[in-house]
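Here is a short round of questions on how the labels for this structure are earned. Each answer sets a value against its cut-off.

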Amino acid sequence: MRIALMVVRLFFQVPYMFFRIRRYGLYEDKFLHFEEAFAYIKKAVTKANHAGRVIVKAYGTENLPDKNGFIMFCNHQGLFDTLVFLESCPKPFAFLAKKEVRNTILLKQTIAALGSLTMDREDLRQSLKVINQITDEVKRGKNFLIFPEGTRSPEPNVMIDFKGGSFKSATKAKCPIVPCALVDSHKPFDENSIKPVTVKLRYLPPLYYDEYKDMKTVQIAEAVKARIETAIAELIKT
């Protein structure tokens, strides 16, 4: 119902948004047009969220590293998660999505426009290729968003275990890891309602390479998850 509300309230703008985002995805050099594409998508997503009566409250953007080339890791609640980041994050980023969503209308075009990637976790060779590609792009100064649970949690605001392999790109790139905590991001698209809803996101202080270089990826996953769990509990109280 909320997606329908977004489309109805932006009815005359949606075709233009779609074709402009699609155009960005057709450029061969995604790096050259990355910031421009992100700026437009951010503007379009913000309009869509407002049209859908979703309020995004973000905290801690000052914790994001000054220098680009970092990876944000966040708990996963549903399809709306990435839209929260696209509205609130002041720095351009691409994201990693599961293969099942790569043909979803508009999301497919957004993935292409930002040079985002999709992963087939059942295909080890393809997964390793994606990990290496993220590593290379982060080294070049591109930021990424990854959901290390791999799938959404069945219980709102409660996380499942993080997959250690999700952090391999960070360890290989030796980049800052930014833990992020989402609360109530399942509500906009999972609840059959168009009542106003508020989603909260907190960007936590980053872990720099010197802090985690001697840790295994499983240990990094546990440390990041613990920080996010604490932040979720605090956000629920606010």
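**Two sides of a helix**

Q: Which residues are exposed on the other side of α2, away from its buried ones?
A: Y16, F19 and L26 are exposed there. The label needs over 50% relative accessible area. Note that this is a predicted model.

Q: What are the buried residues of α2, and why are they said to share a side?
A: They are M17, F18, I21, Y24 and G25. They cover an arc of only 125 degrees around the axis, so they lie on the same side of α2. They pack against α3 and α5 (107–114).

Q: How do you know how the reach of α2 compares with the expected span?
A: Helix α2 (residues 14–26) has 13 residues. From first C-alpha to last, α2 reaches 19 Å, close to the 18 Å expected at 1.5 Å a residue.

Q: Why is C89 called buried?
A: Its relative accessible area is 0%. Buried means under 20%, so C89 qualifies.

Q: What makes C89 free of a disulfide?
A: The nearest cysteine sulfur, that of C180, is 7.8 Å away. A disulfide needs sulfurs within 2.5 Å, so C89 is in none.

Q: What about C180 and a disulfide?
A: For C180, the nearest cysteine sulfur is that of C74, 5.5 Å away. The cut-off is 2.5 Å, so C180 is in no disulfide. By this rule the count comes to zero disulfides.

Q: Which residues have the most contacts inside the largest nonpolar core?
A: M72, F85 and F93 do, in a core of 42 residues. Helix α3 (residues 30–51) gives the most to this core, with nine residues.

Note on methods. Residues numbered from 1 in each chain as written. Predicted model: local features only at pLDDT ≥ 70, side-chain atom pairs only at ≥ 80, totals over all residues. Heavy atoms only, no water. Core = buried A, V, L, I, M, F, W, Y, C linked by side-chain atoms within 4.5 Å. Buried < 20%, exposed > 50% of the residue type's maximum accessible area, 1.4 Å probe, protein only. Helix = DSSP H or I, 4+ residues; strand = E, 2+ residues; numbered from the N terminus. Expected span 1.5 Å × (residues − 1). Arc of directions from axis to C-beta. Contact = heavy atoms within 4.5 Å.
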